[in-house]
Amino acid sequence: MDEKLERRISVRNLVEFILRNGDIDERSSGTVDYDAASQGAKLHRKLQAKAGSQYHSEVTLSVTMPIKSAILTVWGRADGVIEPFAGRKEMTKEVLDIAQKMDEEKKAFYTIDEIKTMYRDVFSYEEPELLHLAQAKCYAYIYLRNNHENDIAVRITYANLETEAIKRFWYFYSFDELEEWFFNVVSEYSKFVEFEIEHAINVKETAKKLEFPFEYRKGQKELASFVYSSILRKERAFCQAPTGVGKTMSAVFPAIKAIGEGLVEKVFYATAKTVTRTVAEESMRILKSKGLVASSITLTAKDKLCILDEHKCNPDACKRAKGHYDRVNACILDIITNELDITKDVIEEYARAYEVCPFELSLDVALYCDLIICDYNYIFDPTVRLKRFFSESNFAKYEFLVDEAHNLVDRGRDMFSAEIIKEKVLVTKNNVKDYSKKASNRLASINKILLSLLKELSNSAEDYMIHNSIDEFVLALRSFVGVIENDLQNHIRFKEHNKVMEFFFDVLHFINMYDSREKGYIIYSERIGNDNIRIKLFCVNPANQLKNIYPFARSTVLFSATLLPINYYKELLTADTNDKAIYINSPFDNANRLLATTSGVTSLYKDRSEDMYKRIVEYIDKGSLKQGNYMAFFSSYKFMNDCYDVAKDKIKDKELIVQDSNMSEDERIEFLNKFDTDNDKTMIAFCILGGVFSEGIDLANEKLIGAFVVGNGLPQVCVERKLLNEYFAKKGLDGFSYAYIYPGMNKVLQAAGRVIRTENDKGIILLMDDRFKKTEYYRLFPREWNDIKNLNLNILEENVKNFWKE
């Protein structure tokens, strides 16, 4: 049979998909995968090493079988295969009796060992969990089939991560009963395999014939070729591509062609902004209109899909959570068979019809889609990443397209950092004290350690201190997790249960990051006020964690309109300055914009005054002579509001609006809707540099004709910025630039990029801070800014008038 018609699935994914049943219940920690965490892996290896020479660990097993028009391979690694006559003393009487009888008949048998690690009390198990036993049974069947044996034992080993206590369950099976059971599981899965095979054929055939849907713009063919070349050569690559090139289509098209050529199986289009997800959706619709038969899904955040006002994922609060897993597979098959453009609305429609959770449904459906449009966290975040995609069998099967990649630096730091705050410890202690004395005592121990650190900080000149190790603190956290695990297993429901669970998962994340941290971390504690403190695992360089995910992609292309300087982003996103990079020149005529610095303006805190605010407002007023819509960007709300107050007195003939610090999504939409070309007078919007309106919005076709960027965007001085400065300086890099200048200038470039969005747009960009004329800032300007002017207040008005005349 054609090799392209083969499908592979891991044992774990197979049993979890087909044999899951019952309710969604987030009140339990049952979905936590400790085995994948560093601490679980260490205990695995320890148990395997102690088992002796007759215990063979991490044994790869696979079976390949025909399923109608396909060949299915089920594979995995058994934690252990034990040779005959070994491990007898740990057998239950029932299994030992069978073993002895087989000995008498001179029938030797092997044992499959499945190890599961946890913080829960292992002696609370009366029987193994269904899915754990199912995994072991799959390995047992494959082993018997491959080795032509007739009988086998199965051992489920539960091990406590804190105490290393062990509880085991033994079972004995014949080849015939395992084969019948295994074939039933595979038969249920076969309907999904049949769909996948037929769909894959259609995708490849239509993708091969697909042609670029437009006439190439300037720079667009170069970008598309660069992306395809990166996929073909299995390279990581960076691309600075300005607005107007059409970078979304230039990235999606070659990635889909790569599916057609069998280079990759799926494409992930990851971005931090909703608007860029919308552009990716539209790109796929255009390709489908040209004959492509392929499916795409946009993953929507849980809080935007939940049908409840207050998110409570349990069968008591949500009727869809009750029995969700009993209904969801039928729903999945229905939607993937009948839909190609799977949007939020489509997911909600099917979820309503089958009464299942729309969020969980979307994650399952993504398994069968060709293009997955999502936020970064679905790929990179260790807490919420789509683990079902990222197993060993999926190495190099995907293409990662990372849009607005400059955002991944801070997002990556957030994903891989973790903190515990004393105040939350005490709130959780109050919520558990009447339900679990042990949990309350464990939290008291954690609080005691934090109090000791707080006392030490109180006697220090600094508000923070760096720690080489916090093993004692982490040990206390592990002990707390173990107690909560047992409480949850005993169906204890705490006061403010959701808040307790939120803290519980924060602790698990902290432990996981502590165990998996490599270079690129700083551990520090910081005083918050007089009686509060945090301990933080601060991921200063996210590249060291991100690079663990890249191998799942054949190629990763990271692109943005602002990736300068490129080696800064290479250092923080891939840790490899040898990665490929390309700079696509702007397709727009420089004559369409007036770009200038100003004189006598600064955003330095020490120089802020009423006179400075008046000077800034005068520049904005004279720069907005032509009727239209403008944005003025400021580095902080206080700075913005101080200038706004002056502007209200000085600018009477123009409409002034201001960004609020707590805008809802509807209020943001309303704010942007005011940028209309039919406004009867000039409007100036006062906004935050680096905020929601300074990037990721598209006000094309003269909806915005000017931007005033007041200040160089440098982040405020704080503990973490100081630590970043020191860390990169010790590595021989420019610490101050890494901590302040590069992040600040990215905000500036993004804000300036709001003005010219199409070849027909015209507008003014004023960079209003004298520091922009210094070399350390000027050298970070895009190459197409080589015509930048310097305009003082005396000549600004004349230059603006001449620009609009021309």
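Two strands count as paired if DSSP finds at least two bridges between them. The model used here is predicted.

**Exercise 1. Apply the pairing rule to β15 and β16, then place them in their sheet.**

Step 1. Strand β15 covers residues 521–528. β15 and β16 share eight bridges, in the antiparallel sense. The cut-off is at least two bridges, so the pair qualifies.

Step 2. Take one position in the pair. S525 stands opposite I535 of β16.

Step 3. Write the strand order. The sheet is open, has four strands and reads β13-β16-β15-β14, with antiparallel pairing. At the edges are β13 (418–421) and β14 (464–467), each paired on one side only. On average, neighbouring strands of this sheet are turned by 20° against each other, direction ignored.

**Exercise 2. Find which strands α14 and α18 touch, and give their angles.**

Step 1. Helix α14 lies across β13, β15 and β16. Its direction runs at about 120° to β16.

Step 2. Helix α18 (residues 497–516) packs on the sheet and touches β13, β15 and β16. The angle between α18 and β13 is about 130°.

**Exercise 3. Describe the second largest pocket: volume, centre and lining.**

Step 1. The volume is about 1,300 Å³.

Step 2. The lining has 44 residues; closest to the centre are G713, L714, P715, Q716 and K747.

Step 3. Sort the lining by class: 19 nonpolar, 12 polar and 13 charged residues.

Step 4. Assign elements. At least two lining residues each come from α14 (408–416), β16 (532–539), α20 (566–573), α24 (719–730) and α25 (735–752). Helix α25 gives the most, with six.

Terms used. Residues are numbered from 1 along each chain as its sequence is written. This is a predicted model: local features need pLDDT of at least 70, side-chain atom pairs count only at pLDDT 80 or more; totals for chains, interfaces and linings use all residues. Side-chain values use heavy atoms; hydrogens and water are left out. On a 1 Å grid over the protein atoms alone, a cavity is a set of points where a 1.4 Å probe fits but cannot get out, and a pocket is an open set with protein on both sides within 12 Å along at least five of seven lines; lining residues have an atom within 4 Å of a point. Grid points are joined across faces, edges and corners, and a volume is the space filled by probe spheres set on the points. Ala, Val, Leu, Ile, Met, Phe, Trp, Tyr, Cys and Pro count as nonpolar, Asp, Glu, Lys and Arg as charged, and the others, Gly among them, as polar. Axes are lines fitted to C-alpha atoms, for helices over the stretch in contact, and angles run from 0 to 180 degrees between N-to-C directions. Contact means heavy atoms within 4.5 Å.
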